[in-house]
Amino acid sequence: MSPANTTTHARKQKPTAKYHATHHHAVEARASDDRPYSDYGPASMQTPVLVLNASYEPINICGARRALVLVLKGVARAEEQQEAMLHAARIRMPMPSVIRLLEYRRIPHQTRALSRKNILLRDRNCCQYCGIVLTSAELTLDHVIPRSRGGQSTWENLVACCHNCNRRKGNQLLHELRDMKLAREPRPFSLHTSRHIMRLIGSADEQWKKYLFF
Ligand SMILES: [Zn+2]
């Protein structure tokens, strides 16, 4: 099972169910004399670990045991560590709290519906041209490449926009407008972006914060 597959599957399942399945699988695959254990008992092996893509984008949460397997296999590296130490036959290392995949994984996005609500959520109700924050009712959606010029309704081509900017932009392309720029590149809204992760975990690890709000 490759990490890319497990990451993808995780999006379709309840996280808690997935951790157990994955851990079981991962540990079964190891030689028994090599099995890692911790000073703090099995509970710390279940500690949630934030998984970042190679690009530092948060993409998943896994248990500490799974994270250790990925680090020991050289698939990921620990970016942040817990105080707890892992002791195994030939290994003594701090338990990770954030790991990053060394190779970029393409994550499919079809699990989250493209909708007005989700576009506004992704853009945090902030007009992507002038930066003003408004209520959902006061915002509209702008096609970055206008529909009249072949622009499609996709995550990459729709942004939150105030009515003023929407009027000013009209049917023009961005490079035709000197004074209008996108605040950031519109990207698909991944299942595990910031507030969703926070909600999932409750009071998340302090060390996660800088990766969740970028
Ligand atoms: Zn605006």
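## Report on the predicted chain

Tyrosine 56 sits in the loop that links strand E2 (48-52) to strand E3 (58-63). The model described here is predicted, and its backbone at tyrosine 56 has a phi near 75°, a positive value in a residue other than glycine. Tyrosine 56 counts as partly exposed because 13 other C-beta atoms lie within 10 Å, a count that falls between the limit of 12 or fewer for exposed residues and that of 20 or more for buried ones.

**Overall picture and confidence**

The protein chain has 214 residues, of which 27% count as buried, and its secondary structure comprises 8 helices and 7 strands. Where contacts link residues at least 6 apart in sequence, 61% of them join residues at least 24 apart. The mean pLDDT of the protein chain is 74, with 67% of its residues reaching 70 or more. Over residues 1-40 the pLDDT is below 50, and this stretch nevertheless has 56 contacts in the model beyond near neighbours in sequence.

**The largest nonpolar core**

The largest nonpolar core holds 21 residues, and the members that touch the most others are Val49, Leu50, Val51, Leu52, Ala67 and Ile99. Two or more residues come from each of E2, E3, helix H4 (64-72), strand E4 (76-87) and strand E5 (92-101), and H4 makes the greatest contribution, with 6 residues. Apart from this core lies another one of 11 residues, among them Leu120, Cys126, Tyr129 and Cys161. As a general background to such groupings, nonpolar side chains tend to be buried together in soluble globular proteins.

Valine 49 shows how one member of the core is surrounded. When neighbours within four places in sequence are left aside, valine 49 is in contact with Ile61, Cys62, Gly63, Ala64, Ala67, Pro96, Ser97, Val98 and Ile99.

Helix H4 is largely enclosed by the rest of the structure, because 8 of its 9 residues are buried. The buried residues of H4 are Ala64, Arg65, Arg66, Ala67, Leu68, Val69, Leu70 and Val71, a list that includes two arginines beside the nonpolar residues. After H4 comes glycine 74, which has a positive phi near 80°.

**The E4-E5 hairpin**

Strands E4 and E5 form a hairpin with 4 residues between them; they run antiparallel and are joined by 8 bridges. In this pairing, alanine 78 stands opposite isoleucine 99 in E5, and Ile99 is also among the core members that touch the most others. Isoleucine 91 belongs to the loop between E4 and E5. Despite its nonpolar type, isoleucine 91 counts as exposed, because there are 12 C-beta neighbours inside 10 Å and a residue with 12 or fewer falls in that class.

**Helix H5 and the loop after it**

Is isoleucine 119 buried or exposed? With 21 C-beta neighbours inside 10 Å, isoleucine 119 counts as buried, since the class begins at 20. Isoleucine 119 lies in helix H5 (residues 116-122) and, when residues up to four places away in sequence are not counted, touches Leu141, Leu158 and Ala160.

Arginine 124 lies in the loop between H5 and strand E6 (139-143). Its phi is positive, about 50°, although arginine 124 is not a glycine, and with 11 C-beta neighbours inside 10 Å it counts as exposed.

**Helix H6 and distances between selected residues**

Histidine 163 belongs to helix H6 (residues 163-169) and is exposed, with 12 other C-beta atoms within 10 Å. The table gives C-alpha to C-alpha distances for pairs that involve isoleucine 119, isoleucine 91 and histidine 163.

| Pair | Separation in sequence | C-alpha distance |
|---|---|---|
| Isoleucine 119 and proline 188 | 69 residues | 8.8 Å |
| Isoleucine 91 and leucine 72 | 19 residues | 9.6 Å |
| Histidine 163 and leucine 141 | 22 residues | 9.0 Å |

Leucine 141, paired in the table with histidine 163, is also one of the residues that isoleucine 119 touches.

Notes: Residues are numbered from 1 along each chain as its sequence is written. Two residues are in contact if their C-beta atoms, placed from the backbone, lie within 7 Å. A nonpolar core is a set of buried Ala, Val, Leu, Ile, Met, Phe, Trp, Tyr and Cys residues joined through C-beta atoms within 7 Å. Two strands pair if DSSP finds at least two bridges between them. pLDDT is the predictor's confidence in each residue, from 0 to 100.
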